[in-house]
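The following exercises concern a ligand, its surroundings and the pockets of a protein. Work through each task with the structure in view before reading the solution.

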Amino acid sequence: MKKIGILTSGGDAPGMNAAIRAAVRSGIDRGMEVYGIRRGYEGLLDGEIEKMTWQSVGDILQRGGTILRTARSKRFMEAKWVDHGVRILETFGIEGVIVIGGDGSLAGGLELSKRGIPVMGLPGTIDNDLAYTEYTIGFDTAVNNVLEMISKIRDTSSSHERATVIEVMGRDCGDLALYAGLSGGADVILIPEVEVDMNEVCRRVIRGQNTGKAQSIIIKAEGVKMDATEMARFVEETTGREARAVVPGYIQRGGNPTEKDRRLASMSAAKAVELLYNDSSSKAIGIQNGKITAIDLAEALSVPREFKKEVYDLTEILSKAGRD
Ligand code: F6P
């Protein structure tokens, strides 16, 4: 394969630029031409495609977001538009595509693949909701962003002796809340995988208060349907401890990628290029036990997500106040 395309799709994730850089440079190193497709599948359908050079991906490794821009394409969910996308790729002579994005984006790639275009899927999302891989590109940065927020919020919460509900992103996956809650020492972690018991949340806040804790940190995943402000109000009314809600939003998703995300992105992209160069069939690239993996794309998307029970159980033990 000589000509390949690369696109980023869905929510941006820190590390996408590192992946673009590695794909372009390792492609050029193999004597291939690498084309950047702007604005995800939307740009593909509109023919927004440009040849990339070694220099065009300079100075982006450390930047969050994606220089190719991204979009959530509704059009690409329809078969007629996927066919149109294939025609555009053929017009440009692009023989294979690297797609960086979450499950919806990789599912779009699978549609291209069914029409004869080999696709390499890279897991790019802060949600960590692709079960075929241990980590997705962007997750580590987002967890660390949330950790930093927890420390700052803790300062104010304890100064004012308050409870704070922090709503963390992740769509319907609780990993971001769970890992940030574990490492940030949250008193309560509420995730969509476990039924929420508001009375137990309040009991924990009261127990904390009774044992002299200056503040309580409640991490709530966005997939838990109760509104954060409503939750804070309920906690305040039930426990008597003043409560606030913080919804940090995109502050979790932006910023310089961590070393782990840059490495995962760079190594995954290089693997994708190697596979396309060797005319491999469509694959999803991931990581397992520190090693880059590549499995059949359709198979990867059908791996069921497992609840990380042992992590959750540990947070339950570590966060219980009032034990001696
Ligand atoms: O998939 C990443 C993510 O940030 C999710 O955690 C969140 O549910 C969603 O994107 C928000 O999407 P948007 O930025 O398009 O509103």
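**Exercise 1.** Identify the residues around the ligand in this predicted model, and divide them by class.

*Solution.* Step one is to list the residues around the ligand: Arg 72, Thr 125, Ile 126, Asp 127, Met 169, Gly 170, Arg 171, Glu 222, Tyr 250 and Arg 253. Step two is to sort this shell, which gives three nonpolar, two polar and five charged residues.

**Exercise 2.** Determine how far the side chains of Arg 72, Asp 127 and Tyr 250 lie from oxygen atoms of the ligand, then assess the burial of the ligand.

*Solution.* For Arg 72, an N or O atom of the side chain is 2.9 Å from a ligand oxygen. For Asp 127, the corresponding distance is 2.7 Å. For Tyr 250, a polar side-chain atom lies 2.7 Å from an oxygen of the ligand. Turning to burial, the ligand taken alone exposes 400 Å², and the protein buries 75% of that.

**Exercise 3.** Establish which pocket holds the ligand and describe the lining of that pocket.

*Solution.* The ligand sits in the largest pocket, whose volume is about 540 Å³. Its lining comprises 29 residues, with Gly 10, Arg 72, Gly 104, Ser 105 and Arg 171 nearest the centre. Helix H4 (residues 103–114) supplies the largest share, six residues. By class, the lining holds seven nonpolar, 12 polar and 10 charged residues.

**Exercise 4.** Characterise the second largest pocket.

*Solution.* The volume of the second largest pocket is about 250 Å³. Of its 14 lining residues, Ala 131, Thr 133, Glu 134, Glu 306 and Lys 308 lie nearest the centre. The lining divides into six nonpolar, three polar and five charged residues.

Conventions: Residues numbered from 1 in each chain as written. Predicted model: local features only at pLDDT ≥ 70, side-chain atom pairs only at ≥ 80, totals over all residues. Heavy atoms only, no water. 1 Å grid on protein atoms, 1.4 Å probe; cavity = no way out; pocket = protein on both sides within 12 Å on 5 of 7 lines; lining within 4 Å. Points joined across faces, edges and corners; volume = space filled by probe spheres on them. Helix = DSSP H or I, 4+ residues; strand = E, 2+ residues; numbered from the N terminus. Nonpolar A, V, L, I, M, F, W, Y, C, P; charged D, E, K, R; others polar. Near = heavy atom within 4 Å. Polar contact = N/O pair within 3.5 Å; in protein donor to acceptor, adjacent residues only side chain to side chain. Areas by Shrake-Rupley, 256 points an atom, 1.4 Å probe, with all protein chains shown as cover. Sits in = over half its atoms within 2 Å of the grid points.
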